[in-house]
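User: I would like to go through the ligand site and the internal cavities of this structure. Could we take them one after the other?

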Amino acid sequence: MTLEASASLLEIRGLSKSFPGVKALEGVDFTVRRGEVHALMGENGAGKSTLIKVLTGVYPRDGGTFRLDGVAIAPRSTKDAESVGISTVYQEVNLIPHLSVAENICLGRQPMRWGMIDWRAMARRAEAALARVDLKLDVHQPLASHSIAIQQLTALARALDVEAKLLILDEPTSSLDAKEVEELFQVLRKLRAQGMGIVIVTHFLDQVYAIADRITVLRDGRLVGEYETAKLPRVELVSRMVGRELTKMKAVERGTEAARHAPAPEVLLELRQFGRPGSIAPLDLTVGQGEVVGLAGLLGSGRTETARIIFGIDRARSGEMWLGGKKTAFRSPRHAIQEGLAFTPENRKVEGVIPHLSVRENIILALQARAGLLRPISRKRQGEIADEFIKLLGISTPGPEQAVMNLSGGNQQKVLLARWLAMQPRLLILDEPTRGIDVGAKAEIEKLVQSLREKGMAILFISSELEEVVRGCQRVVVLRDRAKVGELAGDAISEEAILHTIAGSSHAR
Amino acid sequence: MRADRFQKQPARWWSSLIWPLTGLALLLLFNLFFTKGFFHLEIRDGHLYGSLVDIINRGAPVMILALGMTLVIATGGVDLSVGAVMAIAGTVAAELINNPKVPFPAVILAALAVAVAAGCWNGLLVTLFRVQPLVATLVLMVGGRGVAQLITNGQQIYFEDPRLVFVGNGHLLGLPFPALLSLGMLLLTAVLTRKTAIGLFIESVGDNQTASAFAGVNARTVKFLVYTFSGLCAGLAGLIDTSNIKSVDANKIGLSLELDAILAVVVGGTALTGGRFYLVGAIVGALFIRTLTTTMYALNVKSDVAPVPKALAIIAVCLLQSPAFRRRVAGWWAARKS
Ligand SMILES: Nc1ncnc2c1ncn2[C@@H]1O[C@H](COP(=O)(O)OP(=O)(O)OP(=O)(O)O)[C@@H](O)[C@H]1O
Ligand SMILES: [Mg+2]
């Protein structure tokens, strides 16, 4: 055995995997060393999650070998993989919503006492595991009662609770904000120092350069190359991933710049002391036609809650909502949709995709729901709409009839965007619309949002990515602790200013 | 994007039918060897007769029930009341047919209307009062036969009206009328679900109710409609069954048929958790179950032990349908070979 080989913890050689109609992976090599953080990069649908799932026994492989510590392995289930020392957080958090946080963390390896589950020990263990990701929770609460970010952290805590040689994280940070990401990275650095091998998948380049020692790039199911992070400039990385020129973000910035100085638009949505105890304190908010208004704030600051009461998912208990000069209050999403609203929810698995239905059906669902039972959209028209959006958003799928659950995470997100864009709404509420979407597509979507604004659509834009908010919004409403704490407009909008507003009010308290 | 990475998958509408049809074919094959005269067909008085015809004929009630049940199950619910609703519809028809003042179409309409009302009741409990479907329909399953008893005063009713007798025993174009009715209902259901948007809504609500609501689908309307439709199917099945034996006993009509219907749906490939539904699959499932029953008769299996082989056969088909099970068997097979 050569020196090189013994330094490596995991060696994948010639891995191939096909699904009906898709060659997901073809002859991919992948090597992870001990004590390194290795970023696995690639566009949506490149095959990253598939590689991880095949390695950990979720799917059987078609060809190729795995070696861990020089020993050939062939896990046939996640549990198998854990027992040989591979601990994984999958892209779609696959915990059990109705079980408590503690049960989710300890599931499958519950502490036992006299042949029965030792609930106290379990709670203690869960708390300890959560402490590692710096999270304090009532571990007896059902997981579903927590936000998607907390769920993601719980999944992380669970993975860290396993004695592992190799830790795999598939987009662990997609719904975390900067502070939590930094905390996670602290933990990862510690584990790296202890000699653990860590694989991380993310679409945030900053994070890659902050933590990864080496990078492997996949494109269209094939290996592009393996690089030292330090020796691979950003632009190089992007062009390796995308294989083509990227849309210039500058164009978006310039467009926003111009819009910020345009005369005040006609107000479409106006909230007056609109609120709901327990979710968001009464707030004022306006969104004009042809205006993108950002909602910024930390996790749990009430961004999603604000969107929910506007869209009629939760009922507001105070204040008024005016839409196009008419006082309204929506009893249900259906009602809001009839009035020309659209909302892409942040939790795509629970609130977004209809997993077994096709891409086509998922895209036209809201459109058909608005048209009603008796006015079916013809199959031909459905196909045209689906094809149009598959092309517009670059959804990578064998065709419109593929079940949405078989698409990669980022491509599922694009399908959801398509569902709402197809509605041509008056007011579009985007809650983390680019969650899990690759750099190339992200740029396209920002450009698309811009062109919708130019056509006069009103857009409420929720994102944890401040950069995105600053680049695309004409006004930014800042939330903290479920209350509005400030509003920035025009040239006053910058990442620092937003952070300052968030922090400022915390000093005031 | 590389061009050869994706291949267009030809849409194969029959792919969902493979396993139910395999099950049915195996069962028929068994009968080919072990049951004498099973495939014998003859034309008597211009009508087709034989075991196979009998299966389709006698299987009609379950086929029709299974259509309604498929839609209910696709929304993630279940309708346990269909057997009892059959009894109600049957007694209403039998009671009215013996009253010379009521014209025949009114008899049929009244029986069906009562069944539809029962379906509406289930639908209301499930949608408006948010009762679990299992519990909501259990109410009628238990109480429905009592209602039927009330109508008949606890008596068995006989009738001879040829028009009502025709429903369950007649022939049209040489084919048994109940079989034609099932075919008609299959076509009607397929058109209703696929030519309007309700099929899409049923599947989306059953697959992910929260996401459907967020997309503006009105789950209440959808659910209310499927329970109502299931009531209609039960009414029709009840008419056929009653007509078949020219009498009605409120305690016997449609007894346990709800279970046969549920099994037919599952054998047909629709998951009990809801989502995608398969109407033709459910019909094949109902035929499978009827064939099983007929096979038991033919082999003189005692009726008290008959459920055991029946259960085994149904489990076998359900296992065949499970991709996880097939993978496991394939893996085991490959391991044995090497
Ligand atoms: N279960 C499946 N059935 C069919 N096709 C699948 C399945 N899982 C993945 N694919 C396909 O394999 C390809 C690779 O998907 P994968 O999920 O690995 O992408 P990814 O790199 O993780 O993308 P993302 O960044 O969007 O998460 C995609 O084209 C996807 O459609
Ligand atoms: Mg992925």
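**Ligand site and cavities**

Analyst: In this predicted model, an oxygen atom of ligand 1 is 2.9 Å from an N or O atom in the side chain of A:His203.

User: How much of ligand 1 does the protein bury?

Analyst: The protein buries 94% of the 640 Å² that ligand 1 exposes when taken alone.

User: Which elements give two or more residues to the shell around ligand 1?

Analyst: They are β2 (22-33), α2 (48-55) and α16 (409-421) of chain A. The largest share comes from α2(A), with three residues.

User: How many residues surround ligand 1, and which are the closest?

Analyst: The shell holds 24 residues, and the closest are A:Gly45, A:Ser49, A:Thr50, A:Ser408 and A:Gly410. By class, 13 residues of this shell are polar, seven are nonpolar and four are charged.

User: Where does ligand 1 lie with respect to the chains?

Analyst: Ligand 1 is placed between chains A and B.

User: And which domains of chain A give residues to its shell?

Analyst: Both domain 1 (3-247) and domain 3 (352-424) of chain A contribute residues to the shell, so ligand 1 lies between these domains.

User: Back to polar side chains: what are the distances for A:Tyr59 and A:Gln91?

Analyst: A:Tyr59 has a polar side-chain atom 3.1 Å from a nitrogen atom of ligand 1. For A:Gln91, a polar side-chain atom lies 2.9 Å from an oxygen atom of the ligand.

User: Changing topic, how many cavities of 30 Å³ or more are found in the whole structure?

Analyst: The search finds three cavities of that volume. The largest has a volume of about 120 Å³, and the second largest has about 50 Å³.

User: Which residues lie nearest the centre of the largest cavity?

Analyst: Of the 13 residues that line the largest cavity, A:Glu446, A:Val449, A:Phe461, A:Glu468 and A:Gly472 lie nearest its centre. The lining comprises six nonpolar, four polar and three charged residues.

User: Which helix supplies the largest share of that lining?

Analyst: That is α17(A), with five residues. At least two lining residues come from each of α10 (249-260), α17 (439-454) and α18 (466-472) of chain A.

User: What lines the second largest cavity?

Analyst: Its lining includes A:Glu171, A:Thr173, A:Val201, A:His203, A:Phe204, A:Thr434 and A:Lys442. A:His203 thus appears in this lining and also has a side-chain N or O atom 2.9 Å from an oxygen atom of ligand 1.

User: How do the residues of that lining divide by class?

Analyst: Six are polar, three are nonpolar and two are charged.

User: Why does the second largest cavity count as lying between two domains?

Analyst: Domain 1 (3-247) and domain 2 (266-340 + 425-503) of chain A both give residues to its lining, so the cavity lies between them.

Technical notes:
Residues numbered from 1 in each chain as written. Chains lettered and ligands numbered in written order. Predicted model: local features only at pLDDT ≥ 70, side-chain atom pairs only at ≥ 80, totals over all residues. Heavy atoms only, no water. Near = heavy atom within 4 Å. Polar contact = N/O pair within 3.5 Å; in protein donor to acceptor, adjacent residues only side chain to side chain. Areas by Shrake-Rupley, 256 points an atom, 1.4 Å probe, with all protein chains shown as cover. Helix = DSSP H or I, 4+ residues; strand = E, 2+ residues; numbered from the N terminus. Nonpolar A, V, L, I, M, F, W, Y, C, P; charged D, E, K, R; others polar. Domains from an automatic or database assignment. 1 Å grid on protein atoms, 1.4 Å probe; cavity = no way out; pocket = protein on both sides within 12 Å on 5 of 7 lines; lining within 4 Å. Points joined across faces, edges and corners; volume = space filled by probe spheres on them.
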